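Visitor: I have a structure in front of me and some questions about it. Can we take them one at a time?

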There are 2 protein chains.
Amino acid sequence: MDRVPVLRLGDVLLVSVQVDLSDQLALALQDDLTNRIVDTGARGVVIDISGLDIVDSFVGRMLSSIAAMSKVLDAETIVVGMRPAVAITLVELGLSLPGVRTALNLEQGLHRLRFSRTLVGPDDGPAGAGDAR
Amino acid sequence: MDRVPVLRLGDVLLVSVQVDLSDQLALALQDDLTNRIVDTGARGVVIDISGLDIVDSFVGRMLSSIAAMSKVLDAETIVVGMRPAVAITLVELGLSLPGVRTALNLEQGLHRLRFSRTLVGPDDGPAGAGDAR
């Protein structure tokens, strides 16, 4: 495996990290993701880590870096799908993922990014009602 | 890696296959996916294979199996993100992915599943227009 796929979903780019990231793979992901943000004009990035058993300091730093890079490109990053054991380990390691927002799962992450109205459904309150008028 | 994550997105389950699937991993994926369809009442399954360099007969059979299993559970399966080289190899191998629908990418796959109105946005043409009348 040489690349982590970056999927587009409207204004959001979705990355599902499933394998342990080598240096090379992490750099390739940062490169791909920043390029895709610029190419697509994406406003949000969702990184799903539900496939990861372990988030060590390297992955933690990478997540923080991606969040920072996306931010200067005007895209907000949210990390979703963290397993309970990963949360425990992170805190025990003293890692708090500075600058990284989290949500429980993909759907909540998209809601949090406030793309909920266009991405998840019509029943999301006032915005949808406004369109109908 | 012991599992391929299954992400939920409204009525659709999303699977991003990024690593070569062993027998065990493929069986675990079928198991997870069918359970998630039943648990969530999902109506569609999108399998992204943009991370795969090679789709051999084993993976082809697995995709067909998943599509067939989903179908009997009343969920439609669509495979997205196939690389051009993969398409060439598939045809050269005489594999036509029977029973598997495809779309170019995740967005088009979601549109194809006719969840486009609720998932991707309000500007999706006839379906939305019909509702407005």
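Visitor: Which element gives the most to the lining of the second largest pocket?
Guide: This is a predicted model. Strand S1 (6-9) and helix H1 (23-40) of chain A, together with helix H4 (106-112) of chain B, each supply at least two lining residues. The top contribution is 3 residues, and it comes from S1(A).

Visitor: Which residues lie nearest the centre of that second largest pocket?
Guide: The lining has 17 residues. Those nearest the centre come from chains A and B. They are Val6(A), Leu7(A), Arg36(A), Asp48(B) and Ser50(B).

Visitor: How many charged residues does the lining of the second largest pocket have?
Guide: Sort the lining by class. Nonpolar residues number 6 and polar ones 4. The charged residues number 7.

Visitor: How much space lies in the second largest pocket?
Guide: Rolling a probe the size of a water molecule over the atoms shows where empty space is left. For the second largest pocket, that space is about 320 Å³.

Visitor: What pattern does chain A follow along the sequence?
Guide: Chain A has 6 helices and 5 strands. Read them in sequence order, with β for a strand and α for a helix. The pattern is β-β-α-β-α-β-α-β-α-α-α.

Visitor: What percentage of the residues of chain A count as buried?
Guide: A residue is buried if its relative accessible area is under 20%. Chain A has 133 residues. The buried share is 47%.

Visitor: How much of the area that chain A exposes do carbon and sulfur atoms supply?
Guide: Chain A exposes about 6600 Å². Carbon and sulfur atoms supply 52%.

Key:
Residues numbered from 1 in each chain as written. Chains lettered and ligands numbered in written order. Predicted model: local features only at pLDDT ≥ 70, side-chain atom pairs only at ≥ 80, totals over all residues. Heavy atoms only, no water. Helix = DSSP H or I, 4+ residues; strand = E, 2+ residues; numbered from the N terminus. Buried < 20%, exposed > 50% of the residue type's maximum accessible area, 1.4 Å probe, protein only. Areas by Shrake-Rupley, 256 points an atom, 1.4 Å probe, with all protein chains shown as cover. 1 Å grid on protein atoms, 1.4 Å probe; cavity = no way out; pocket = protein on both sides within 12 Å on 5 of 7 lines; lining within 4 Å. Points joined across faces, edges and corners; volume = space filled by probe spheres on them. Nonpolar A, V, L, I, M, F, W, Y, C, P; charged D, E, K, R; others polar.
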